[in-house]
Amino acid sequence: MTREAIDEFRRFQRDKEVNSQLYSKLTVRGKVQVKSSDIQVGDLIIVEKNQRIPSDMVFLRTSEKAGSCFIRTDQLDGETDWKLKVAVSCTQRLPALGDLFSISAYVHAQKPQIDIHSFEGTFTREDSDPPIHESLSIENTLWASTIVASGTVIGVVIYTGKETRSVMNTSNPKNKVGLLDLELNRLTKALFLALVALSVVMVTLQGFVGPWYRNLFRFLLLFSYIIPISLRVNLDMGKAVYGWMMMKDENIPGTVVRTSTIPEELGRLVYLLTDKTGTLTQNEMIFKRLHLGTVSYGADTMDEIQSHVRDSYSQMQSQAGGNNTGSTPPRKAQSSAPKVRKSVSSRIHEAVKAIVLCHNVTPVYESRAGVTGETEFAEADQDFSDENRTYQASSPDEVALVQWTESVGLTLVSRDLTSMQLKTPSGQVLSFCILQLFPFTSESKRMGVIVRVRLRRGCHAMALDILFSRLLDTDFPQRKLNIYDESTAEITFYMKGADVAMSPIVQYNDWLEEECGNMAREGLRTLVVAKKALTEEQYQDFESRYTQAKLSMHDRSLKVAAVVESLEREMELLCLTGVEDQLQADVRPTLEMLRNAGIKIWMLTGDKLETATCIAKSSHLVSRTQDTHIFRQVTSRGEAHLELNAFRRKHDCALVISGDSLEVCLKYYEHEFVELACQCPAVVCCRCSPTQKARIVTLLQQHTGRRTCAIGDGGNDVSMIQAADCGIGIEGKEGKQASLAADFSIAQFRHIGRLLMVHGRNSYKRSAALGQFVMHRGLIISTMQAVFSSVFYFASVPLYQGFLMVGYATIYTMFPVFSLVLDQDVKPEMAMLYPELYKDLTKGRSLSFKTFLIWVLISIYQGGILMYGALVLFESEFVHVVAISFTALILTELLMVALTVRTWHWLMVVAELLSLGCYVSSLAFLNEYFGIGRVSFGAFLDVAFITTVTFLWKVSAITVVSCLPLYVLKYLRRKLSPPSYCKLAS
């Protein structure tokens, strides 16, 4: 309770600290300081660089010239990359900050939602004629708990307190209880029943004389030591020790124990559910393959691409002559143009250009000072030196693609909201206007961009010309020639995405599907790149429809998707890219070790089927010789039934299934599917959503009753980690979200081997021994009390007085009993070498009703011997029976600890000697407690008597009789039927 109170107080202090942070609020009278707890909806708040955003806001203005800023969202979604946010253009264009109060405008926001990746709203300025309407999306928002990474921002507050996205996404995870705790609870219930039964038997033997119910309660109190009250304290302290040992283990640096209540679960696991990207693989992408349909380039032929790119740009420069506009050669945009077979060089140039333009990567330059560590943004006139450039993007795949284009000569040097600058091999800078950007979503599985080659006049000049033409009601297409030159004003729509999403969009071809399969078999992540040339009229038509769809407040995402899809037809297929995600260090030996330990491994990934299958084979999750059954796509009950029957006929083969087929199987044949899947040596589920991952975990728990462990590294693994009996997070490229939500956090996947084989195994075995020993300690003294009461005509008189009872469970026996948390049956190296030792634990034989009954019998035998021995041997000095029996009891407990220990630790010896010393020294000053029934007998301990040889040999005799038979039995059992760890140790 005290520990929880301290934790609660610290939490209160942290909350108070966060709520007391000061922010600048913009008012008509200027800036005023307000506490974050006093911020209200509608306030205009100024947030400086590196300051936390206090509440959900719509982004109105920034000090950055580009009208955008970067924010860090690792505390919200666990992703470490910076996100680009865009200010509302209407307010960003205002000349001064104070002008925000000179306009009449309002924000219409949707009701508070839990989804942090979407937002729908509109910004309306009423005092202009006509009123200006701007659609607001996720890129115009600044969510609470994110950090401003560049510039100063001004936003209007739309949600506060419990309505903010970060608070709405803070769920109360289930309180995890270990299987060992549940087993001990069952045994404690059995002990309680034994306590009641024993008390009733005593009262019955008394003959229910007098106020028998009062005697019943007295017996319940006398035998209450049967219930091991100190068990929970000892186990909790033991768990804290196990956690400390895990975090201090030099072989698994960076391990953090976040849930100290379930370390024993690590020793009982049967199913391990793992993510793929970032868990089994490094999430470090390397560009490996470019396929153009007729020709393929690998890592060893990248220099050919480099020379083709260099040649095409030098040729273009010579063609352009003096016109340094950085344009591509004239090409007609009409789709009806006759198709001429392009040279390989021009196709490579087109493919590389598409890859370097179609992405959401932003180059960031470290400031020259370098000391402050601040970043500044690339402007057109900045020195684009390669040394201090880094790329920021929401996906490592995208960064890998842009880094590759840099290596072949076409470099992304600058990017803002409306433009991109590329540097050619000759050092010339090309400018492109970004007309539209369609970000990647998990539903669409693709992203696109519409760009226009930029003239020297710049996009802003073009935009002004278009605006004037509209204001003057002139026919815009007629004025087009005044602004653009036909050769340079070409508009191109680039798109890239997963093969399943892109296949229906691109023009007919006979190679895409086959090559995607080939690359996936090599373990490469594939992206299909395509383009479409647009005329000015086509684009203007699209833009008007797109703007209208974006302003809609109902089904906005559907309407926007429909408009974009109208463009996604008959696109020209440019290339197929392959990016490799390398395996983590020592993944193969770790998976093999886990398999040998009897743990079944399921891989749950959002990746495509081919890549997942390939990684499963390359990581040896599925051995080379093993058959793999790929569960084909099913959509109906009948198809699922046929496919399950086909799968049932196969034996000892790994299962690969997609999320869609899994959903159908679980809908109609849940029990049959789980039963079949559990018989497989390995299962791979691809295209899994986060909720599906969590559902699979829950299904395994319900259908098998076995302990599950989930391991992942990204925000999409959190639900799976929280649903599992034991969640392990890896601090990876995808951020800390999984690591923070998990019960245990590790630095690399390979550390899980030692965590389970050594620490998990030891934690379970130690806790089982400790739990049973604490129960034995209570049972033995209750047996002595029962014998004592029986001898004295079932009188409800206590055998030992106050302090002796307290001291017995604390200073006399606590240290040796607790030192069992240091015990180990085999050395860590041996446990790692023979993972089969782990398999024994899943049967739960270290703590079962069988072992419990053995300890009960030992307690009854020893308690009976100690009490009857004391009564038989000390008939003449009966008043000393308490001192004698108690001394023998303490010695027996210390010897029993020694009997239980398998590997001695120097602290165990210290604990034994310390407890014995405490007892001997307490004999001197606690003599009044060593007489039985001081009131009735008036007997006190005779200090002279306990120093005699008679006393010593009689105590020794009783102790030997109580312990020696157990030592003999243990020795014979080890010789005749040794446990597996004994065979290895010898």
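This is a short walk through one protein chain, from its overall make-up to a few helices, salt bridges and a surface patch.

Okay, ground rules before the tour. What you're looking at is a predicted model, so local features need pLDDT of at least 70 and side-chain atom pairs count only at pLDDT 80 or more, while totals for chains, interfaces and linings use all residues. Numbering runs from 1 along each chain as its sequence is written, and side-chain values use heavy atoms, with hydrogens and water left out.

Right, the big picture. The protein chain has 35 helices and 33 strands; those are DSSP runs, H or I of at least four residues for helices and E of at least two for strands, numbered from the N terminus. Of its 986 residues, 52% count as buried. By buried I mean under 20% relative accessible area, with exposed over 50% and partly exposed in between, using a 1.4 Å probe and protein chains only. The chain exposes about 45,300 Å², and carbon and sulfur atoms supply 56% of that; the areas come from the Shrake-Rupley method with a 1.4 Å probe, and for residues only the protein chains shown count as cover. Now contacts, meaning heavy atoms within 4.5 Å. Among those between residues at least 6 apart in sequence, 74% join residues at least 24 apart.

Let's start with helix α8, residues 344-357. Its 14 residues should span 20 Å at 1.5 Å a residue, and the end C-alpha atoms are indeed 20 Å apart. The expected span, by the way, is 1.5 Å times one less than the number of residues. So how much of α8 is covered? Mostly: 12 of the 14 residues are buried, and among them are some charged ones, including Arg347, Glu350 and Lys353.

Now jump to the other end of the chain, to α34. That's residues 949-976, 28 residues reaching 39 Å from first C-alpha to last, close to the 40 Å expected. Where does α34 kink? At Val961, by about 30°, shortly before the proline Pro965. The bend there is the angle between axes fitted to the seven residues ending at that position and the seven starting at it.

Take a look at the two faces of α34. The buried residues are Phe951, Lys954, Val955, Ile958, Thr959, Ser962, Cys963 and Leu966. Remember that an α-helix has 3.6 residues a turn, so residues three or four places apart point the same way. On the surface, there's a nonpolar patch of about 770 Å², made by Leu895, Val960, Leu964, Tyr967, Val968, Tyr971, Leu972 and Leu976. Patches here take residues with over 30% relative accessible area and no salt bridge, joining like charges within 9 Å and nonpolar side chains (Val, Leu, Ile, Met, Phe, Trp, Tyr) within 5 Å. The largest share of this one, 7 residues, comes from α34. One of the patch residues in that helix is Leu964, which counts as partly exposed at 49% relative accessibility.

On to the salt bridges. How many are there in the whole structure? The search finds 27, where each one is a side-chain nitrogen of Lys or Arg within 4 Å of a carboxyl oxygen of Asp or Glu. Take Lys288 and Glu580, with the closest N and O atoms 3.7 Å apart. Lys288 is in strand β15 (residues 281-291) and Glu580 in strand β26 (residues 572-583), so this pair ties together parts 292 residues apart in sequence. Lys288 is partly exposed at 28%, and Glu580 is partly exposed too, at 22%.

Then there's Glu398 with Lys496, where the closest N and O atoms are 2.4 Å apart. Glu398 sits in helix α9 and Lys496 in strand β24 (residues 491-497), so that pair ties together parts 98 residues apart. Both residues are buried. While we're in α9, residues 396-407, have a look at Asp397. Asp397 is buried as well, at 13% relative accessible area, and touches Met285 and Arg525, leaving out residues up to four places away in sequence.

Last stop, helix α13, residues 512-521, which holds Glu513. Buried or exposed? Glu513 is exposed, at 73%. Its C-alpha lies 7.6 Å from that of Asp499, 14 residues away in sequence.
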